[in-house]
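Visitor: I am new to this structure and should be grateful for a close look at a single part of it. Could you please choose one sheet and describe how its strands pair and what packs on it?

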Amino acid sequence: MKEYDVIVVGGGHAGCEACAAAARCGAETLLVTHKISTIGEMSCNPAIGGLGKGHLVREIDALDGLMARVIDKAGIQFRMLNLSKGPAVRGPRAQADRDLYRKYMLEALRNTPHLDIKEAAAEGLAFVDDKVSGVVLSDGKTVNCKALVLTTGTFLNGIMFTGHNTTEGGRVGDISCHGITSYLKQKGLLLGRLKTGTPARLNGDTINWKILDSQCGDDNPQPFSFLTEKITNRQIECGITNTNEETHKIIRDNFSKCALFSGLITGRGPRYCPSIEDKLVRFADRTSHQIFLEPEGYNTNVVYPNGISTSLPADVQDAFIHTMKGLENVEILRYAYAIEYDYVCPQELDHCLQVKKVPGLFLAGQINGTTGYEEAGAQGLIAGVNAAHLALKTGKELYIDRSQGYIGVMIDDLITKGVDEPYRMFTSRSEYRLLLRADNADARLTELGYESGCVGEERYQKYLSKKAEIAKFNQYCCEKTISYAKIEEEGISVKHDGKKSLKDVMSYPHVSRETIEKIDSEVKNISDTIYEQVEIEAKYSGYLKREYEDIAVFKRDENLKIREDIDYSKIGGLSTEMIHRFTTVKPKTIGEASRITGVTPAAVTALLGYIKNG
């Protein structure tokens, strides 16, 4: 049997990005998945992006990943969230046609050189001298490799709950993976259980859409990918309904039948995407919750009711769903369920997502304690690239720090803080939000990706062309002098304290592009993308300068490396607890050490002194 450089286990969003990234780096790669037909499956919400999540998708795209290009082809409603707010917190989101998303993702993988796909169940790991050497399939055969990426999602000992009824599986219609957990435990990894869930699916033909409010997409939908010129897909509308006091009474009256509250589920669920019963406990004063009715595609009647995931029994789901406006006569096609699964404490990983105790083994996605397609895809890409470099012995690694991208923020959070609930990305998690915008992900990461071998020539050349256009327009705006008379003619009040450049005028609050074009008609020839980058730099120059200064301080600590063989017990002034925390995480830099949960400033100072004197 062929030996591979990299094997990726799991065909979900992390697995798709991991195998494609490894193959782009030139590694002979194999994707092992239960079912080829479910590659790229959207197991829960039929949507990509959102606040924070949309930033991740743009970063995946800047590194030549697949998710953005696939959603641009499969999207059926595109919206830019927070459009009325500043550019740092705007987030692109798109609903997908589930079938099209799977189709285009599989097409993308099949067209990727150096990548094979095998339909099989992975039930074990092979090792040589404690280094991972392959994957053991359910038929007992071993496929050998130099690096392995596990992206098992919710499949590790997955159990689904509908009320007190339990079913083994990683997803409806798919079996669990039982064998791999024991291998991970044998290697001394710390594992736990987490929980997530999905709502019922409804027959859209039986919804009374006429009495519901609707939500439309943007008139001028913006693509996710920097390579997509224009979205041409037909856009659909969503419906909006609400829970009510009758809904809530039925749910509360049946709390005892809920797996979440009866003790059957021990794993903790996502705080920011709670089940409907969890919402009623956390927000007990609320008499209503908004529910979005999202069609799952052009050629299906299936509707996803976003906001009512639950583990209540089927008969209770029947009762409360039918109390909502427009759903009085709705047909339920599939009942909701919760799912509990094994995960590995992410503090077992380094910043390349390699397991510190097991050379050659990388983890990505929900196995690391995250939730969401976007978080999974971003981890998959990083793990795939680094697995390829390890296998090919290039001496390279793809490392993104907190100042470079949300991918870096997420990975740093995971490996320094660990998780006690499924981790979800938000813009508030970053201390450098104004620099880490969705619109400039290519400027931040594409060159880094090109140097790491995961960005192809087509994307790189397009990026260089865009970079040159921005620089040219920026120089023009800085050099173009505008008279006070011309500025004041447009109703802009300015101090007569020297000449004003076009970029100066652009920086004033409430000065729109329309106004700039009246002042200088040449601007009409500039594309929206190029104009936006220069305008953001102009309007936020003071804030950006401050963030650059903060990053310089951050980089100083990040550049202070910690030896891998350091013995923390020899550092004077460290308590037993601090020694344990440092030894567990094994931080690579002083900056990383300072962000470990529970580590005190005094402990960091002691560590810093030891390094400088050592």
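Guide: Strand S3 and strand S5 (residues 91–96) run antiparallel and are joined by 3 bridges. Within this pairing, Ala47 of the model, which is a predicted one, stands opposite Gln95 in S5. In general terms, the strands of a sheet are paired through backbone hydrogen bonds, in either a parallel or an antiparallel manner.

The pairing just described belongs to an open sheet of 3 strands, whose order is S3-S5-S4 and whose pairing is antiparallel. At the edges lie strand S3 (47–49) and strand S4 (75–81), each of which pairs on one side only. If direction is ignored, neighbouring strands of this sheet are turned against each other by 15 degrees on average.

Two helices may now be added to the picture. Helix H2, formed by residues 53–62, packs on the sheet and touches S3, S4 and S5. The direction of H2 makes about 80 degrees with that of S3. Helix H3, formed by residues 67–74, lies across S3, S4 and S5 as well. The angle at which H3 runs to S4 is about 115 degrees.

To draw the description together, one may begin at S3, an edge strand, and pass through S5 to S4, following the order of the sheet. Helix H2 touches each of the strands S3, S4 and S5, and helix H3 lies across S3, S4 and S5.

Conventions: Residues are numbered from 1 along each chain as its sequence is written. This is a predicted model: local features need pLDDT of at least 70, side-chain atom pairs count only at pLDDT 80 or more; totals for chains, interfaces and linings use all residues. Side-chain values use heavy atoms; hydrogens and water are left out. Two strands pair if DSSP finds at least two bridges between them. Helices (H or I, at least four residues) and strands (E, at least two) are DSSP runs, numbered from the N terminus. Axes are lines fitted to C-alpha atoms, for helices over the stretch in contact, and angles run from 0 to 180 degrees between N-to-C directions. Contact means heavy atoms within 4.5 Å.
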